[in-house]
Amino acid sequence: MENRKPSKPVCSYFLIFCSSISLVVAMGENTSITVNVGVVLDLDNSLSTKVWLSCIKMAISDFYTSHALSKTRVALNIKDSRSEVVDAAAAALDLIKNVHVEAIIGPKSSMQANFVIDLGEKAQVPIISFSATSPSLASLQSLYFFRAAQNDSSQVKAISAIIKAFGWRVAIPIYVENAYGEGVLPSLVDALQDVRVRVPYRSAIPPTATDDQLAEELYKLMTMQTRVFIVHMSPSLGSRLFAKADEIGMMKEGYVWIMTNGLTNHLSSTNASIINSMQGALGVRTYVPKTQELIDFRSRWKRQFQHENPTVIDVELDVFGLWAYDAAYALAMAVENVGTTSSLSGSQTTNASINSSSTDLETLRVSPRGRELSQSLSGTRFRGLAGDFSFSNGQLQSSVFEIVNVNGEGAREIGFWSPQFGLTKYMSNSTTANSSYSTSRSDMGPIIWPGDSTSTPKGWEVPTNNKRLRVGVPVKVGSPEFVKVVHDPVTNTIDVTGFCIDMFKAVMEGLPYAVTYDFIPFAKPDGTSAGTYNDMVHQVFLGNFDALAAATTIRANRSLYVDFTLPYTDSGVVMVVPMIDSKSRNAWIFLKPLTRDLWLTTSCSFIFIGFVIWVLEHRINEDFRGPPSHQVGTSIWFSFSTMVFAQREKVVSNLGRFVVIVWVFVVLILTQSYTASLTSLLTIKQLQPTCTDINQLLKNKESVGYPKGSFVYDLLIEKGFDRSRIKAYTSPDECDQLLKNGSAKGGIAAAIDETPNLKLFLAKYCTKYTMVGPIFKTDGFAFVFPKGSPLVPDVSRSILNVTEGDEMKNIENKWFGQKATCSVTNPMFSDSSSLGVDSFWGLFLISGLSSCLALMVFATSFFLRHRRIFITIRGSSICRKVGVMLRVFDEKDITSHTFRNKNLGRVEPSASPPCSICQPSPSSQHSNHTNIQNSPFFREERTIVGQI
């Protein structure tokens with residue numbers, strides 16, 4: 001009981017404290033500064049305007065509820081812009097001049113904001129818009145414009161990532177023809193081009209378009225191949241567009257519709273009938289994290305909105321309402337920050353001034369605290385209902401986008417996109433540290449496309465206006481095997497045949513869908529050719545042809561204007577020249593098997609081996625002794641005689657035998673190779689081309705030929721040929737006649753064309769000409785389509801299927817099979833290039849190393865045996881010592897077993913058998929010693945020692 005006694009004083013103190021706080025709050029309310037803020041919106045009784053105004057008012061109320069001691073109070077002054085640009089500007093001018101507002105929230109549209117921003121810049125009044133999203137407003141670079149909404153250009157990367165994920169190559173934007181629609185177009189096209197998506201057409205819809213105008217534009221789109229559409233327009237116009245598209249049958253299987261956030265952000269408030277017409281469409285909308293604060297706010301807002309608008313039922317809060325709340329809250333924070341450091345004007349405004357209708361621009365009031373308020377807004381940062389709220393250069397920072405699929409009664413989430421990680425199926429995955437930027441369709445959930453289809457649309461179709469492809473074919477006089485055009489004057493029909501035509505038909509039949517086409521000759525009214533292949537390719541670029549079925553070579557300059565499929569045959573530019581038989585026309589043909597370098601190397605090797613053998617055998621072999629001329633002749637004779645293994649001299653040293661064994665093996669290989677090459681030269685018909693290098697033709701100023709209308713003419717001009725020396729031919733027979741005449745008689749020295757064409761020519765004239773090259777590299781024959789044609793990938797895949805199967809062989813045999821029989825009788829063409837050092841350098845290396853090794857062993861042994869010369873002859877020069885050594889080397893080595901055996905042959909045979917390893921007898925030692933003492937070396941040695 002004693003512990004409860006102090007409770008009364010404590011309660012008394014608590015009551016006094018609460019009363020003090022209430023008094024302070026009351027005093028603060030009485031002393032707060034009222035700051036006028038304008039709100040410019042379209043007050044047309046639209047549901048969205050009511051929602052946004054409700055959010056703005058709740059933001060101001062929530063701020064001052066949580067900041068009870070604030071020294072400022074924002075007073076909202078609402079003006080109606082009546083959905084007009086002029087009315088929005090007039091309302092803003094009235095607020096600035098007469099109401100003396102310090103900031104303006106709004107206006108609604110980007111076109112209205114364009115004018116209001118100029119007024120705010122002049123009056124230094126911040127303009128905060130939460131619904132003007134056009135990128136064009138950022139180009140104004142106004143210090144007093146703040147966009148509390150996402151820039152429309154921030155979503156283009158998400159859209160391009162979706163298109164890239166499904167492999168679509170062409171897309172058409174459908175946009176409203178005003179500042180809002182046109183503002184995003186440049187950045188959208190750039191983003192699509194970054195992922196190699198072409199925009200062949202831009203569909204601009206007037207803001208006031210009628211249903212008939214919408215239907216007319218949609219029917220026009222139906223006649224095009226593209227089936228991927230990107231819709232960027234206001235919700236009202238977009239709803240009518242989808243309703244009309246559903247009515248005329250453009251929301252069925254095969255179509256792709258992608259909506260920007262201008263439409264997707266309003267799906268929650270879109271009528272159910274419009275949602276039903278959008279079934280299967282994809283959309284990109286701003287991602288708003290589902291926080292507890294947002295859940296609580298939605299509940300509070302819905303109760304208050306229902307209380308203020310009891311007739312409105314089932315209204316939903318969209319992201320623009322959240323941006324409106326965050327914008328008003330940020331403005332209240334900025335006003336409070338400025339109000340605590342300086343005095344804000346605006347509370348002195350009277351009713352008379354408010355009701356004044358003066359809007360004279362010359363007397364436009366400049367806000368004294370506008371710059372400070374603008375700087376405060378730039379530094380405002382907080383966690384808003386829509387996410388992190390902060391301005392960078394007056395723009396709300398881009399965040400994550402949510403990708404949705406319209407199904408049933410609303411939109412279903414299928415994935416997300418963020419600038420850092422690209423496409424992700426779940427938001428949790430986008431925050432992992434190891435994630436990389438993704439554009440994979442596997443990172444999105446399942447999609448139900450228009451027509452309740454689960455199959456991914458290919459993005460294009462054959463136009464619905466029953467238009468047949470106009471396939472151009474050349475009219476050529478020569479090479480009918482490739483393309484041949486025959487006109488029947490009786491039936492007035494055209495029959496087109498050939499290898500290229502059969503290939504085109506087989507490829508088109510291999511497509512997974514039907515494509516109808518007609519062959520149209522590229523000809524003049526009289527039936528002759530209308531131009532070159534380059535001219536025909538240019539017709540595709542101009543749109544006169546939808547494709548080309550011809551032997552069209554893939555060229556870099558052509559690819560700038562058209563698209564090529566994968567090549568269906570290999571190619572390359574080669575030349576055909578006459579052949580001549582060079583056999584028996586050269587008296588020195590026996591020298592041709594070996595090159596000059598090999599002849600010289602072999603000769604030097606013979607001399608070197610002879611020298612090595614002489615060094616190794618000179619002191620111990622009588623065959624290599626005698627006068628100097630005899631020794632030189634013997635050495636050279638011995639070396640060269642090994643070529644036919646006719647050497648008579650014996651090799652007695654082991655080192656010499658080692659060298660000879662290696663050398664004989666080398667000589668054997670050389671002689672056998674020489675014999676085989678010479679036999680080939682003398683027995684096989686040697687058909688040599690008259691020229692093997694195009695530069696040789698250019699140097700000799702020879703004339704060359706090319707097929708008329710071919711791109712080869714341009715290559716020859718680039719190579720440096722004079723125009724007067726380039727002659728065109730129109731048929732194989734004419735080409736044969738020109739080659740037969742030769743350049744000297746008005747003909748040509750070589751015919752230059754692509755490999756398939758000249759193969760056909762050689763099939764007919766295989767005994768007279770040969771092919772040399774390739775001299776220029778090309779990528780082969782391919783079919784031609786307009787730039788960005790969606791048919792190219794499918795046709796290329798079909799070409800692979802045809803070329804890898806038996807059908808390609810059947811087509812080739814049909815047109816070229818019988819011509820190939822001529823190659824059987826074609827004489828053998830032999831290049832007969834001479835053998836060079838590069839073929840035998842290994843043998844010469846082995847022989848040289850073995851010889852050098854033998855010399856090193858011999859020299860080492862010799863110097864070790866006679867090293868006393870350098871010890872005995874002291875004080876003499878090195879040259880003198882070397883001279884003595886050479887004189888010793890020139891003497892016989894009578895201690896060698898070869899001379900010892902001869903001496904032993906003159907002695908009486910002893911009782912015991914001779915032993916080569918026994919010690920010599922004293923008498924023999926004395927005899928040898930006497931001979932050595934009488935040698936010139938020891939006579940020289942005694943003389944030198946005596947002098948010393």
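Phenylalanine 761 counts as buried in this predicted model, because its relative accessibility is 4%, under the 20% that sets the limit for burial. Tyrosine 769 is buried as well, with a relative accessible area of 4%. The rings of phenylalanine 761 and tyrosine 769 form an aromatic pair, with 5.6 Å from centre to centre. Their planes meet at 35 degrees, and the pair is described as tilted.

This pair belongs to a wider set, for the structure holds 42 aromatic pairs. Another of them joins tyrosine 325 and tyrosine 329, whose ring centres are 6.1 Å apart. The planes of these two rings lie at 20 degrees, so the pair is stacked, the cut-off for stacking being under 30 degrees. Both tyrosines sit in helix H13, which runs over residues 319–339. Because they are four residues apart in that helix, about one helical turn separates tyrosine 325 from tyrosine 329. Tyrosine 325 counts as buried at 8% relative accessibility, and tyrosine 329 is buried with a relative accessible area of 16%. The two tyrosines also take part in a cluster linked by ring pairs. Its other members are Phe63, Tyr64, Phe146, Phe297, Phe382, Phe389 and Phe391.

An aromatic ring can also face a charged side chain. Lysine 458 lies over the face of tryptophan 460, at 5.6 Å from the ring centre.

Helix H27 offers a neat check on helix geometry. The helix covers residues 841–865, which makes 25 residues. At 1.5 Å a residue, H27 should span 36 Å, because the expected span counts one less than the number of residues. The end C-alpha atoms of H27 are indeed 36 Å apart, so the model agrees with the expectation. Several residues of H27 are buried, and among them are the aromatic residues Phe844, Phe858 and Phe862. The buried residues of H27 also include Leu843, Ala854 and Leu855, together with the serines Ser847, Ser850 and Ser851. What covers these buried residues? The cover includes helix H18 (596–617), helix H20 (654–683) and helix H29 (878–890).

The backbone deserves a look too. Most residues other than glycine have a negative phi, and most peptide bonds are trans. Arginine 82 has a phi near 55 degrees, a positive value in a residue other than glycine. This arginine is placed in the loop between strand E2 (72–80) and helix H3 (85–99). With a relative accessible area of 55%, arginine 82 is exposed. Arginine 196 likewise has a positive phi, near 60 degrees. The loop that holds arginine 196 runs between helix H7 (185–194) and strand E7 (203–205). At 67% relative accessibility, arginine 196 counts as exposed. As for the peptide bonds, the one from glycine 106 to proline 107 is cis, with omega near -5 degrees. Proline 107 is found in the loop between strand E3 (103–105) and helix H4 (110–123).

These details can be set against the protein as a whole. The secondary structure comprises 32 helices and 30 strands. The protein has 948 residues, of which 47% count as buried. Among contacts with a separation of 6 or more, 73% come from residues 24 or more positions apart. The protein exposes about 47,700 Å², and carbon and sulfur atoms supply 55% of that area.

Note on methods
Residues numbered from 1 in each chain as written. Predicted model: local features only at pLDDT ≥ 70, side-chain atom pairs only at ≥ 80, totals over all residues. Heavy atoms only, no water. Helix = DSSP H or I, 4+ residues; strand = E, 2+ residues; numbered from the N terminus. Buried < 20%, exposed > 50% of the residue type's maximum accessible area, 1.4 Å probe, protein only. Contact = heavy atoms within 4.5 Å. Areas by Shrake-Rupley, 256 points an atom, 1.4 Å probe, with all protein chains shown as cover. Phe/Tyr/Trp six-rings, centres within 6.5 Å; stacked < 30°, edge-to-face > 60°. Lys NZ or Arg CZ within 6 Å of the ring centre and 35° of its normal.
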